[in-house]
Amino acid sequence: MLRQYELVDRVLGYDPRADEALINRAYVYAMKKHGSQMRASGDPYFSHPIEVAGILTDLKLDTATIVTAILHDTIEDTGATVGELADLFGFEIANLVDGVTKLTRLELTSERSKQAENFRKFLLAMSNDIRVLLVKLADRLHNMRTLHFIKSSEKRQRIAQETMDIYAPLAGRMGIQEIREELEDLSFKELNPEARETLVNRLNEFNSESGDTVESIAEELRLKLVASGIKCEVDGRQKRPYSVWRKMERRAISLEQLSDIFGFRVIVEEVDDCYRAIGVLHMNWPMVPGRFKDYISTPKNNGYRSIHTTMIGPKRKRVEIQVRTRKMHEVAELGIAAHWLYKEGASLAERSEEFAGTFSWLRQLIEMLEHGGSPEEFLEHTKLQMFSDQVFCFTPKGTLITLPRGATPIDFAYAVHTEVGDSCVGAKINGRHMPLRTVLTNGDEVEIIRSQAQRPSPAWEAFVATGKARSAIRRSIRSAKEAEFGRLGRQILKGVFEAAGREATDVVLQRALHALHQDDLEELLASVGDGTIPAQQVLETVFPELPVKKGRKKSIKAVAGDDHGGVVRITGAGQGLAIRMAANSFPLPGERIVGIITPGQGVVIYPIDAPALEEFDGETTRWLDVAWDVDPDHPQLFPARLNVTVRNEVGALGHIASLVADYGSNITNLTMTQRDTDFFDMQIDLEVRDFKHLTRIMSALNGVSVVAQVIRPRR
Ligand code: MN
């Protein structure tokens, strides 16, 4: 365990102005408070907060953070109060300890949705003061280092999994790579001990075969650089088992194939030394294509800067090399914490602002949290975002937009602003019109084309890569759907009430809310529209005196007539989210149709003679009167299908295609279903205006000599 003076010396070592007395007081206070409490390891409990404080001195954090670490379990475990801590150590520290305590209380459950929900709160808490999270990370690291003392293997597994899922990626996102790697490796040890042990043994064999390779390679690299006049330090290390394992898993290769298990760092004085050093290295050893990355000109989201390369280095070994300045090195090692070093005297607000700028992912997460969405969805996105690599794109004005790999112009639009995403209709990439599903690559300049009439399409969800875009699309579709279901619900109610000689006014409908457990009229209308509550039930609730209706409704006849009162109008093929056409049944204007209400999904439209309708014979409340209401002045195209048997003659197909075109129709798909020497059968999908249009095309086809038969398939 760290002793009092050792801890103080460490802090004074990087911060000579640290409040020594305050640290001493906290040390004594925590020791007294924790008293004779013990850890699972058998150590006095008090050793834990001190080790946590020790971890934070490695990150060179300020006195308030160190003191918070010393006190971090006093509220939770010793009954100290926020007020007491404020009296003794001031409000800043009391608030920080309070924050850590809240996070600790959030950890107490393992259920997936709870975990996700906790994680949301966690990030929100973190956004107030990043130091709370740094203490929590150090706390988790020490608990992971002592995890093997915990008896219950179930508990160990849970803690390790949580660390792998949440804390390690977070440490990575905050730029604290050392802590990320250690957390990963400690979790790996618990979650997959056999794999880790095999790997460690292989790595050890590998090392003993090659002797002192790491040191000798580092020295050879250094000599070459120094000979070219570059002042530098070079150090080498073997990668941690988990890093090696992940690489093997990701690229599905064996340890033998994975030759770059050594990493080297070249630390130089100035930025231009980095580029000179890379030049010297590449002149002496061949680089491996595709592995060169310049994070100095385009830094990572978490502020990381370095040049990465892989070469076939000394002794023909494949080596990974990172080149950076001392200052970049500090940021790489300390991450978010490094920003405390260079901003002495800056206020908390100034620092927070800097974090918000450097750590824009944090701001994006918080924006997502504020907009809601389900916790699982959120956790999924966050995890995905944490693991993915990035691409850098630019707006036409040159603003850098960082996106995860696989992102499309839709992601780009939402990254600029939610409004831009919602109204996006097209994109120019590097000046050329490109499909919205195009995957962006580094350096793309993206111009988003907007229209106020646009709204997000459900199809977008299939090709977005950012959580922000996905939740914005879902949110927008959800509200559009609710609005459509609401309109549909009102039409359905109107029809059912009118058939019973009643009127579905708002005042009348309000009377059903309570009995049907609906909060307001909007909810009731949407529930009727999406089929959750049958309209008949609303009618019976409001007018219980009416006789109960039985049997299939006869009013379908009325649909064919001119009286469309109370009948839901079908205005086109693309009805949107609340009304859709039954699959493979191709109803056309001019044909009699009927709607079937499907709970949760709205209405499905069938031709009246569709065999599929038999299935709904007994369920009278699901049948809905519908009628075409297509504007003849603005004809639309509807899909239709024909089965055609054709004589096997030269030019038969061309003949049919041109005939269909002559009648103003498009063939959208053509499949040969059967073929023999004399005849072949085809399935033709085409677009027509209505039933008459299709009939005319059918008789024209029948009049052609090569056509033996034309029928509409049974649907
Ligand atoms: Mn603790």
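What follows is a conversation about how some labels in this predicted model follow from its computed values.

Reader: Let's start with the big picture: how many helices and strands are there, and what share of the residues counts as buried?

Author: The protein has 29 helices and 20 strands. It has 715 residues, and 50% of them count as buried. About 34000 Å² is exposed, with carbon and sulfur atoms supplying 50% of that area.

Reader: What part of the contacts with a separation of 6 or more comes from residues 24 or more positions apart?

Author: That part is 67%.

Reader: Now the rings. Why is the pair of Phe-188 and Trp-245 called tilted?

Author: Their centres are 5.5 Å apart, and a pair needs centres within 6.5 Å, so the two rings qualify as a pair. Their planes stand at 35 degrees. Stacked would need under 30 degrees and edge-to-face over 60, so tilted is the label that remains.

Reader: What makes this pair a tie between parts of the chain?

Author: Phe-188 belongs to helix H11 (residues 177-191), while Trp-245 belongs to helix H14 (residues 241-251), so the pair ties together parts 57 residues apart in sequence. Phe-188 and Trp-245 also form one aromatic cluster with Tyr-242.

Reader: Is Phe-188 buried or exposed, and how do you know?

Author: Its relative accessible area is 2%. Buried means under 20%, so Phe-188 is buried.

Reader: How many aromatic pairs are there, and what is the geometry of Tyr-606 and Phe-616?

Author: The count is eight aromatic pairs. For Tyr-606 and Phe-616, the ring centres lie 6.1 Å apart and the planes are at 55 degrees, so this pair is tilted. Tyr-606 sits in strand E14 (residues 602-607), and Phe-616 in the loop between E14 and strand E15 (623-624), 10 residues apart.

Reader: Why do Tyr-606 and Phe-616 get the burial labels they have?

Author: Tyr-606 has a relative accessible area of 13%, and Phe-616 has 7%. The cut-off for buried is under 20%, so Tyr-606 is buried and Phe-616 is buried.

Reader: What makes you say that a charge sits over the ring of Phe-543?

Author: The charged end of Arg-502 is 4.9 Å from the ring centre and sits over the ring. The distance limit is within 6 Å. Arg-39 offers another case, lying over the face of Tyr-45 at 5.8 Å from the ring centre.

Reader: On to charges: how do you know that Glu-181 and Arg-237 form a salt bridge?

Author: Their closest N and O atoms are 3.3 Å apart, and the cut-off is within 4 Å, so the pair counts as a salt bridge. Glu-181 is in helix H11 and Arg-237 in strand E1 (residues 232-238), so this bridge ties together parts 56 residues apart in sequence. The structure holds 23 salt bridges.

Reader: Why do Glu-181 and Arg-237 carry their accessibility labels?

Author: Glu-181 is at 10% relative accessibility, under the 20% limit, so Glu-181 counts as buried. Arg-237 is at 28%, in between the 20% and 50% limits, so Arg-237 is partly exposed.

Reader: What about Asp-185 and Arg-196?

Author: Their side chains meet in a salt bridge at 2.9 Å, N to O. The bridge links Asp-185 in helix H11 with Arg-196 in helix H12 (residues 193-210), 11 residues apart. Both Asp-185 and Arg-196 are buried.

Reader: And how does the bridge between Glu-461 and Arg-474 meet the rule?

Author: The closest N and O atoms are 2.8 Å apart, and the rule asks for within 4 Å, so the bridge qualifies. Glu-461 lies in the loop between strand E10 (446-450) and helix H23 (467-499), and Arg-474 lies in helix H23, so the bridge ties together parts 13 residues apart in sequence. Glu-461 is partly exposed at 25% relative accessible area, and Arg-474 is partly exposed at 24%.

Reader: One last topic: what makes Leu-653 eligible for a surface patch?

Author: Leu-653 has a relative accessible area of 37%, and patch residues need over 30%, so Leu-653 passes that test. Together with Leu-670 and Met-672, Leu-653 forms a nonpolar patch with about 230 Å² of accessible area. Leu-653 lies in helix H28 (residues 652-662).

Terms used. Residues numbered from 1 in each chain as written. Predicted model: local features only at pLDDT ≥ 70, side-chain atom pairs only at ≥ 80, totals over all residues. Heavy atoms only, no water. Phe/Tyr/Trp six-rings, centres within 6.5 Å; stacked < 30°, edge-to-face > 60°. Helix = DSSP H or I, 4+ residues; strand = E, 2+ residues; numbered from the N terminus. Buried < 20%, exposed > 50% of the residue type's maximum accessible area, 1.4 Å probe, protein only. Lys NZ or Arg CZ within 6 Å of the ring centre and 35° of its normal. Contact = heavy atoms within 4.5 Å. Areas by Shrake-Rupley, 256 points an atom, 1.4 Å probe, with all protein chains shown as cover. Patch = residues over 30% accessible without salt bridge, like charges linked within 9 Å, V, L, I, M, F, W, Y side chains within 5 Å.
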